[in-house]
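Visitor: I am new to this structure and would like a close look at a single part, the packing of one helix pair. Could you take me through that part slowly, and then set it beside other places in the model?

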Amino acid sequence: MIHLTERGGSALHLASAQGIPLDVLREWRLTRRDNESATALALRDDTAVWLSRADARIGFLTIGTGMAAVPLPGPASAPPAGVLSVVTTAPGAPTASQWSLLTAVARWLSVRLWQPAPAVREEPNARQRLAQAAAAAPAGTWDWDLRTGDVVGDPALLGVLGIDPRTFDGTVESWAATVHPDDVERVMTDVAEALHTRDDYTAEYRIRHPDGAVRWARVHGHVTLGDDGVPVRLGGTVWDATARTSSTETIAHVLRHLRDAFLTTDPDWRITHMNVQAESLLGSSRTLLGRRLWDTPAVQATGLEPRLRLAADRGTHDDIDLLWPTDQRWYRIRLTPSPDGPAIQFTDVTERRLLDAEHQAAERAVAERSTRIDLLTAALARAVTVRDVVDAVAALVLPAFGAAGLVVQVVEGEYLRLVEAKGYPPEFLQRMQRLPLSDRNPNADAFRSRAPVFLTSQPHFARHYPDYADHASRFGKQAWAFLPLIVRGQPVGCCVLSFSRPRRFSEEERTLLTALSQTIAQNLERARLYDAEHQRAAELQRGLLPRALPALPAVTTAARYLPAGPGTAVGGDWYDVIPLSADRVALIIGDVVGHGLTEAVAMGRLRTAVQTLAGFELPPDELFAQLNDLVSAIGDDFYATCLCVLYDPTTQGCTLVSAGHPPPALVRPDGTVEFPRVEPNPPLGAATPPFETTEMDLPGGSVLVLYTDGLVESAVTDMGSGMRRLADTLTAAYRSGAAVPPDGRAAEGGPPGAEPGDAQWLDRLCDSLTTTLVPDPETINDDVALLVVRAHAAASASVASWLLSDGPVAAGEARRHVRRQLADWHLDDLVMTTELVVSELVGNVIRHARGPIRLRLLHSRCLTCEVSDSSLTTPRIRRARDTDEGGRGLQLVAALSQRWGTRYTTDGKCIWTEQALPRAG
């Protein structure tokens, strides 16, 4: 809408509008400066204004979801001279680019509004022509003193009103007496409104002359206020509008009583005009004007919407024959496109159809088939996969020709392989999986000859292809059209339409089916390329991500990966669960910035580096320092966010390091959800080590949710809102039982859980999170990685620790502790080897390091033995010579253990070994 104001006026006048229903537009014809609408606020504050439908001040808006308004700059440095307002149905406020566009349009409009008109050279006799024009369309002036009721008018005014100057007494009552009785109430209401709003007055009404003639007058007036702000005068101009109004009324009268039903709509398909015949078909105009055409019960019953929309999109004068449900008569419906909205005419053709029913049925079939073919072309353009193409053909081609079955095959080597089929039982499809091209069958003949094969009946089929006749006749099909699929001159497959009755194909049908097969072939080949590329991308992504998460005593895990919908189905999001020594575990999730093959390759390099560095037992901050160098070396434009959580089940504590990644969600055993505060660090590739770490407790039974930003952030959802939705979903899942601890016991306040080791509850929780936060994965524009972890605390009885004495006696103490503890754990078979391992490790500390010496045993999926000291010297295996007395201790440790290694602690180092437990029995 465009509103303009006059100097000193107290209201805005609607100058132009587009796309707003008439019943709504009436409320905006006159807008006061002092109301709270977006239009008035933009004028008063001389600034852009946005009000949403939810704003209490926007009661003026009855359509859309909000209104944006920008002022129209006035000439020179004058105040705004108007407002440009836009009603929108999009969610949320306009973007910066949209505000910029509105402001630019407002400036453009103002320049053309206030730009002075070009000078016009006055030609001879111009004044004479102007006088003749004024005489042909007489206009007069008038002034009404509101305090006395006196009216002063020039002779032209009296001429328009048909008042004799000799008898005019100068009162407003004499003027009012000239108004047609049917228009008196409307005129007085408009005058009262103008005086109340102190605004300009414009009206058009009928004048009744003394001789009985009725003419039309158009009046424009301006209110003059006194010193006290009260209206004292109303004056303006009046002119004769009979000629223009009469021609409009004549056209309206002709359309009103046209024999055919006729209606017009605006561009949004809201009804703006109906004649008498249209009212008899659709209903009273009083209830339908302003409503969408599709909302009327009669039109809903006919299913006209897609056909009329298609005709409007093509911009042609299309005819549609239809049996109308209200009177059961046939009407030919013609849509005439127009910039102001389509016009639709209904012509009764019932009699004509009765005279030539067969011809009309054929025309209707052709029109319907043409419409379906148009719809098929549009559907194929939208089809992405092979299944999409086959579904579109089945939905639109089969009904158009009355077919009962569809088979689509593509060539693979010397065979035609079945891609999809509709209308056939499974036993038929088993034989059609691979048809040899060397056999004599109609599919192969159509493929080799590149020409369609039409078989009109079962006997016809049996005469030409006796070997396949029995198989073809067993499934109720009586006629077939075998169409070769040809792309760039080369056959790529075969499409088969089958019919449940014998059928003679006309020349027109054969031509149309042949043309259709070419369209289907082009789209099928494009879809096959897409499917192949998508399959390769999916295989690449599966190869880069963990194929299966490890089963560990410290954690139970489940994960999901959702590729972005459009484009390449590979990206840089990843997750990993890496087992470490002493049942510790590293939980990793990361996101290489961007989406595509390059980012996926970078992700693979990062994941490999993380697994390698984690094997060296590096602390998380040092691990991130190494990763930062790796990302920086890839390129200046590469960045990655990453979160690492190192969990120790023996202490129930964890260390977190985040490089620009969202914090994890923590669900405590009682069901409360929080986001731990993690020390921030820049993303990998932009950071400068050292990295800040965060320490926190993770009690057994807690659930930790690691995710990438695609889960909580989108084009319409910011990070904060997405994290709140994640917390709400986790809370709801816990209360409903989807996040129940799987230990056979209820967490405090929670319902009973699953059996030990059962990860089904985590899978259900992953499904709940993804379906709630990402309801339509095909539309997301960023990958989503999700890792859900349930922590298990190590049982106190499975951990034993001792502080050993300094000196050689420590080895004997260690062996005694080992013997007693392994006896308690019923691991007598491991006593001898464990004593040897402990003796060598403690001996190395006594000889090469310094105390205090601590021994710890952990009974879990294996037997872990740890010897700690305060030295940072790294032990390593060396090759001992035959004459050397020492140097074989670590070789012995390595031979007796499955794995061994060293990790550094805050006060020294720890050498650990792992031994396999003896088999039960």
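Guide: A crossing of two helices is called left-handed if the near helix is turned anticlockwise from the far one by less than a right angle, and right-handed if the turn is clockwise. With that in mind, and remembering that what is shown here is a predicted model, we can turn to helices α25 and α26, whose crossing is right-handed. Helix α25 covers residues 809-824 and helix α26 covers residues 831-848, and their axes come within 9 Å while crossing at roughly 150°. Since angles over 145 degrees count as roughly antiparallel, α25 and α26 are therefore roughly antiparallel to each other.

The residues that make this contact can be followed along each helix in turn. On the α25 side they are A810, A811, A814, R815, V818, R819 and L822, and these meet V831, T834, E835, V838, S839, V842 and I846 of α26. Sorted by class, the contact of α25 with α26 holds 9 nonpolar residues, together with 2 polar and 3 charged ones.

A second pair can be read in the same manner. Helix α21, residues 597-615, packs with helix α22, residues 620-634, at an angle of about 155°, and the two axes lie 10 Å apart. That angle makes α21 roughly antiparallel to α22, and α21 passes α22 in a right-handed crossing. From α21 the contact takes A602, R605, L606, A609, V610, L613 and A614, while α22 brings L623, Q626, L627, L630, V631 and I634. The class count for the contact of α21 with α22 is 11 nonpolar, 1 polar and 1 charged.

A third pair is formed by helix α23, residues 719-736, and helix α24, residues 760-773, whose axes come within 10 Å and cross at roughly 140°. At this angle α23 and α24 are therefore oblique to each other, and their crossing is right-handed. Here R725, L726, T729, L730 and A733 of α23 meet L765, S768, L769, T772 and L773 of α24, and by class this contact has 6 nonpolar, 3 polar and 1 charged residues.

Beyond the helix pairs, there is also the empty space within the model to consider. The count comes to 2 cavities of 30 Å³ or more, and the largest cavity holds about 160 Å³ of space. Its lining is made by 16 residues, of which F428, M432, N443, A472 and F482 are the closest to the centre. Helix α17 (442-449), helix α19 (466-473) and strand β21 (479-487) each supply at least two residues of that lining, and α19 gives the most to the lining, with 3 residues. By class, the lining of the largest cavity divides into 12 nonpolar, 3 polar and 1 charged.

The largest pocket, finally, holds about 970 Å³ of space. Its lining is built from 42 residues, and those that lie nearest the centre of the pocket are R584, R903, Y904, T905 and T906. In the lining of this largest pocket, 21 residues are nonpolar, 10 are polar and 11 are charged.

Technical notes: Residues are numbered from 1 along each chain as its sequence is written. This is a predicted model: local features need pLDDT of at least 70, side-chain atom pairs count only at pLDDT 80 or more; totals for chains, interfaces and linings use all residues. Side-chain values use heavy atoms; hydrogens and water are left out. Axes are lines fitted to C-alpha atoms, for helices over the stretch in contact, and angles run from 0 to 180 degrees between N-to-C directions. Helices (H or I, at least four residues) and strands (E, at least two) are DSSP runs, numbered from the N terminus. Angles under 35 degrees count as roughly parallel, over 145 as roughly antiparallel, 65 to 115 as roughly perpendicular and the rest as oblique. Contact means heavy atoms within 4.5 Å. Ala, Val, Leu, Ile, Met, Phe, Trp, Tyr, Cys and Pro count as nonpolar, Asp, Glu, Lys and Arg as charged, and the others, Gly among them, as polar. On a 1 Å grid over the protein atoms alone, a cavity is a set of points where a 1.4 Å probe fits but cannot get out, and a pocket is an open set with protein on both sides within 12 Å along at least five of seven lines; lining residues have an atom within 4 Å of a point. Grid points are joined across faces, edges and corners, and a volume is the space filled by probe spheres set on the points.
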